[in-house]
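Colleague: Could you walk me through this one with a few questions and answers?

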Amino acid sequence: MVIIVVLVVVLVVVATAAAGGGEGVAAVTVLAVTMAVLNPLKSADHTIMQDTDLAGPLVFCMAFGGSLLLSGKLHFGYIYGIGLVGCLAMYCLLNLMSLSGVSAGIIVSVLGYCLLPMVFLSFSAVLLSLKGIVGIVLVVVTVLWCSVSASKLFVSALAMDSQQLLVAYPCTLVYGVFALLTVF
Amino acid sequence: MADMSWHSDSGGGDDSAVLDMDQIEPGQISRDYDRDHQDDFGSTYASEKRGNSGTQGSKSFAEDMRQRVGENVTQMMWQAGAQSAKRAWNVYGNIDLLRPYFDVEPKEVQSRLLYSLIPLRPTDTRQEVPKELYGPSMVVLTLIALLLYQMKTADHRVEEGTLIGSAFAVCFMYWLGSSGLVWFVAYVCEVRIAILQILSMMGYALFGHCIVLFMGTVFHTGHDHMFFYLLWAIIGGLSTLKMAGIIMSRTRGPKQRLFVTGTIAVLHMFFLLYLHFAYNTFVQEISDALHDNLVPAPVSVNLNIEVPSNDVQAAT
């Protein structure tokens, strides 16, 4: 658990540096979004996704691929493909459901940041098997954690409070596919 | 008297637009034209080709004009084509056309999912079918995820392509293809139903398939498929009856009703059979392995025992 916390801190620092650590606004944005993802039950500020960046999502995707590599799985191509298809599907769906429309940058940014719990899951897959009862519980909790965080950020950015469940379900499907990648 | 001084000017004055044809030498017009309209390389196309003959000069001028007209026409056609394509894209490719079909509340989706398994007795009153695409899309995507899970569990391998690509193709092709076929049959049999209602009805009916696949994967019972057949008959049958009730309330004539409901029933029930038996080989293999361990295969024993001869017994 200590190792995982240390790894998270390192990831956040690297993401902040990649976002231009000298610029205070970018660092604050990365930290704020990361903390919003780590605490899904806390309500998010609607201005949190105004400054979208792709550095944090990129670092988290690389971390996910790297953690799968520790388990002997070379799945960078699958992460890219599933991420691309998932982002495209969410872009179409949210543009159809929201009144104001949404940019592709916000979609990629939110889905990328909310991949952080999946990174934890893939690290834990190195230590224990995810095909037992404990693994199933961990997978379910992680997928729900990712989807609740992503839907919370989407509805706060797009003012769709009454439709959080409708936004959360497709996010569950996307992160469920990532979980299948981790388990099998 | 009018001022005729302009008439006395010789033709060829640089600023004058009036030409006195009596003063113009043969070929002068082309020369002047080429001088005024040299190409980017500083040489005139016509002057290279033309000799002292004025006829060749006019031919080069004509070719040059033809080339320029051709370029202008090509450019005009390209612009017209681009504008038409842009207009067509704005009309048919605009996803805002689908926006009304995704305007739905969570409780509405929940109730529609539940009622997709509750058939209603057909009456003369038309049964309501919502024109909605969010619920059916999510059901199809859920079916894809369950199929992927089933394929991963069964260690199903795809020679060309990926598992998720196969799952996407199977599920979306069934949803769209069967809806198209049912729409065609409904059109022939004069059923009062729109294509979007058919898409919505067939999409929500796949919720039963999701339940059967999920329970069949989680509770696989070895070599015996009775549990699956039971779920197939009950849950698949309920969703089929629901669709049949909708169609029968919107169709006149017993033959037409039979034809359309028969088509829907065959497509719906056989697709579930296909999903189970095509991607669930793990069930069969593990059941064979378990069966061999519990009841070993009989081994043939040779009972022809040779009795030693008396000579050997005498020697000992």
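What follows is a conversation about a predicted model.

Colleague: Glad to start with the basics. How many helices and how many strands does chain A have?

Modeller: Happy to help. From the N terminus on, the elements of chain A run α-α-α-α-α-α-α-α. The tally for chain A is therefore eight helices and zero strands.

Colleague: Which spans of chain A does UniProt list as "transmembrane region"?

Modeller: The model can be set beside that record for two of the spans. Residues 133-154 of chain A are 100% helix, with end C-alpha atoms 32 Å apart, and residues 166-183 of chain A are also 100% helix, with ends 26 Å apart. The unreviewed UniProt entry lists residues 76-94, 106-127, 133-154 and 166-183 of chain A.

Colleague: And over residues 258-279 of chain B, how far apart are the end C-alpha atoms?

Modeller: That span is among those listed as "transmembrane region" for chain B in an unreviewed UniProt entry. Residues 258-279 of chain B are 100% helix and 0% strand. The end C-alpha atoms of that span lie apart by 32 Å.

Colleague: Now the contact between the chains. Which three residues supply more of the area that chain A buries against chain B than any other three?

Modeller: The contact takes 20 residues from chain A and 21 residues from chain B. About 1800 Å² is buried between the two chains, and carbon and sulfur atoms give 74% of that area. A trio supplies 34% of what chain A buries there, namely Leu96(A), Leu166(A) and Phe184(A).

Colleague: Which element gives the largest share of the side of chain A that touches chain B?

Modeller: Two elements give two or more residues to that side, α4 (76-97) and α8 (164-183) of chain A. The largest share is eight residues, and it comes from α8(A).

Colleague: How many salt bridges does the rule find across the interface of chain A and chain B?

Modeller: The side of chain A that touches chain B divides into 16 nonpolar, four polar and no charged residues. A salt bridge here needs Lys or Arg with Asp or Glu, which count as charged, so chain A has no residue on that side to offer one. Polar contacts do occur, with five residue pairs between the chains, but the number of salt bridges across the interface is zero.

Colleague: Is Ser98(A) buried or exposed?

Modeller: Ser98(A) sits in the loop between α4 and α5 (104-113) of chain A. The side chain of Ser98(A) reaches the backbone oxygen of Leu94(A) at 2.8 Å and the backbone nitrogen of Gly101(A) at 3.1 Å. Leaving aside residues up to four places away in sequence, Ser98(A) touches Leu158(A), Met160(A) and Arg99(B). The relative accessibility of Ser98(A) is 1%, under the 20% cut-off, so Ser98(A) counts as buried.

Colleague: Which residue forms a salt bridge with Arg68(B)?

Modeller: The two residues are four apart in helix α4 (residues 54-92) of chain B, so about one helical turn separates them. Arg68(B) is partly exposed at 38% relative accessible area, whereas the partner is buried at 17%. The closest N and O atoms are 3.4 Å apart, and the partner is Asp64(B).

Colleague: How far apart in sequence are the parts that Glu132(B) and Arg112(B) tie together?

Modeller: Their side chains meet in a salt bridge at 2.5 Å, N to O. Glu132(B) is buried at 3% relative accessibility, while Arg112(B) is partly exposed at 24%. Glu132(B) lies in the loop between α5 (106-115) and α6 (134-153) of chain B and Arg112(B) in helix α5, so the separation in sequence is 20 residues.

Definitions and conventions
Residues numbered from 1 in each chain as written. Chains lettered and ligands numbered in written order. Predicted model: local features only at pLDDT ≥ 70, side-chain atom pairs only at ≥ 80, totals over all residues. Heavy atoms only, no water. UniProt positions renumbered as here; feature names shortened; annotations may be inferred. Contact = heavy atoms within 4.5 Å. Buried area = accessible area lost by both parts, 1.4 Å probe. Salt bridge = Lys/Arg side-chain N within 4 Å of Asp/Glu carboxyl O. Polar contact = N/O pair within 3.5 Å; in protein donor to acceptor, adjacent residues only side chain to side chain. Buried < 20%, exposed > 50% of the residue type's maximum accessible area, 1.4 Å probe, protein only.
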